[in-house]
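Work through the exercises below with the sequence and the model side by side. Try each task before you read its solution.

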Amino acid sequence: MHRILTTSALALVCFTVWTAPAGAQSSMDPLTVDPPHYTLEIENQYTRVFREHMGPRDTMIMHEHPKPGSVIIMLTDRHNRLTAPEGTFREFQNKAGYVMWSDASSHRSENLEAINFEALQIEPRAPKSGAAAPAPAEKLDPVVTDSKHFQLEFENQYARVIRVKIGPHEKLTMHKHPDTKAVVAHLTDYTVKQTDEAGKATQNTYKARQVRFADAASAHVEENLGDNAVELIRVELKQAR
């Protein structure tokens, strides 16, 4: 079990009862055995990201999530029952926006509510040429310099997960993320103006529930151009360098 730096450790302990073996992609891989409930969003040498979705009272068949595990982001409220191959089961309830680390496991899932369920699973991948050295610490790391807007959710040897909240028309100070690639999941709509340290500005609009892969970037300032507060989850892939 990996060291977790926040109270999300409790969620990890509850979720990692059943451990799948290490190795190549399993014949019980969810994207293979249950495509109606899993949609591939991103796949490259650093990560695989897929969307999990169930209708009201829906049930998934038995499937297996590989090692080392994944970051799970709830896009809706969850009230699910997970049943292991031997028949033991546990129920889980979480609110939309909740984030956790899940170790490898085998189970089938059942949506216990009469509403749709949706979540993102982000699987880090180890580099092909051995372990990557940690990214050097950044003086302008926003988790350190701007904890009002950048909150550390949890961290382990594979990922650092940050929750970002920005008020309407709010402009952040200059900051720089570690030199690793990341997966960004938008919990709300976000129209952002980003200005780098050389003064070059770009503008982008992202939709709620959108997920994207982000390269390492230079120091920059962000400004929320919208009338509403925004929230997103940034999953920094420590070995994606």
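Helices (H or I, at least four residues) and strands (E, at least two) are runs assigned by DSSP and numbered from the N terminus. The structure is a predicted model, in which local features need pLDDT of at least 70 and side-chain atom pairs count only at pLDDT 80 or more, while totals for chains, interfaces and linings use all residues. Residues are numbered from 1 along each chain as its sequence is written, and side-chain values use heavy atoms, with hydrogens and water left out.

**Exercise 1.** Find the place of Asn 111, and decide whether Asn 111 is buried or exposed.

Solution. Begin with the secondary structure, where Asn 111 belongs to strand 8, which covers residues 105–111. Next, recall that buried means under 20% relative accessible area, exposed over 50%, and partly exposed in between, with a 1.4 Å probe and protein chains only. Asn 111 has a relative accessibility of 2%, so it counts as buried. Then look at its surroundings, taking a contact to mean heavy atoms within 4.5 Å: leaving aside residues up to four places away in sequence, Asn 111 touches several residues, among them Gly 55, Arg 57, His 79 and Phe 117. Finally, the side chain of Asn 111 reaches the backbone oxygen of Gly 55 at 2.9 Å.

**Exercise 2.** In which order do the five strands of the open sheet lie, and which strands stand at the edges?

Solution. Two strands pair if DSSP finds at least two bridges between them. Following the pairs gives the order 1-2-9-4-7, with antiparallel pairing. Strand 1 (38–43) and strand 7 (99–102) each have a single partner strand and stand at the edges, so one side of each lacks a neighbour in the sheet. From one strand to the next the twist averages 25°, where axes are lines fitted to C-alpha atoms (for helices over the stretch in contact) and angles run from 0 to 180 degrees between N-to-C directions. For one pair in detail, take strand 2 (residues 47–54) and strand 9 (residues 117–124), which run antiparallel and are joined by eight bridges; Phe 50, for instance, has Gln 121 of strand 9 as its bridge partner.

**Exercise 3.** Which residues have the most contacts inside the largest nonpolar core, and which strand gives the largest share of that core?

Solution. A nonpolar core is a set of buried Ala, Val, Leu, Ile, Met, Phe, Trp, Tyr and Cys residues joined through side-chain atoms within 4.5 Å. The largest one has 22 residues, and Val 71, Ile 73, Ile 122 and Val 235 have the most contacts inside it. Several strands supply at least two residues each, including strand 4 (70–74), strand 9 and strand 17 (230–237), and the largest share, three residues, comes from strand 17. Ile 122 touches, among others, Val 71, Ile 73 and Val 235, not counting residues up to four places away in sequence.

**Exercise 4.** Inspect the backbone at Pro 68, Arg 57 and Arg 209.

Solution. Lys 67 and Pro 68 are joined by a cis peptide bond with omega about 5°, and Pro 68 sits in the loop between strand 3 (63–65) and strand 4. Arg 57, in the loop between strand 2 and strand 3, has a phi near 60°, a positive value in a residue other than glycine. With a relative accessible area of 53%, Arg 57 is exposed. Arg 209, in the loop between strand 14 (201–206) and strand 15 (211–214), has a positive phi near 80°. At 36% relative accessibility, Arg 209 counts as partly exposed.

Conventions:
Polar contact = N/O pair within 3.5 Å; in protein donor to acceptor, adjacent residues only side chain to side chain.
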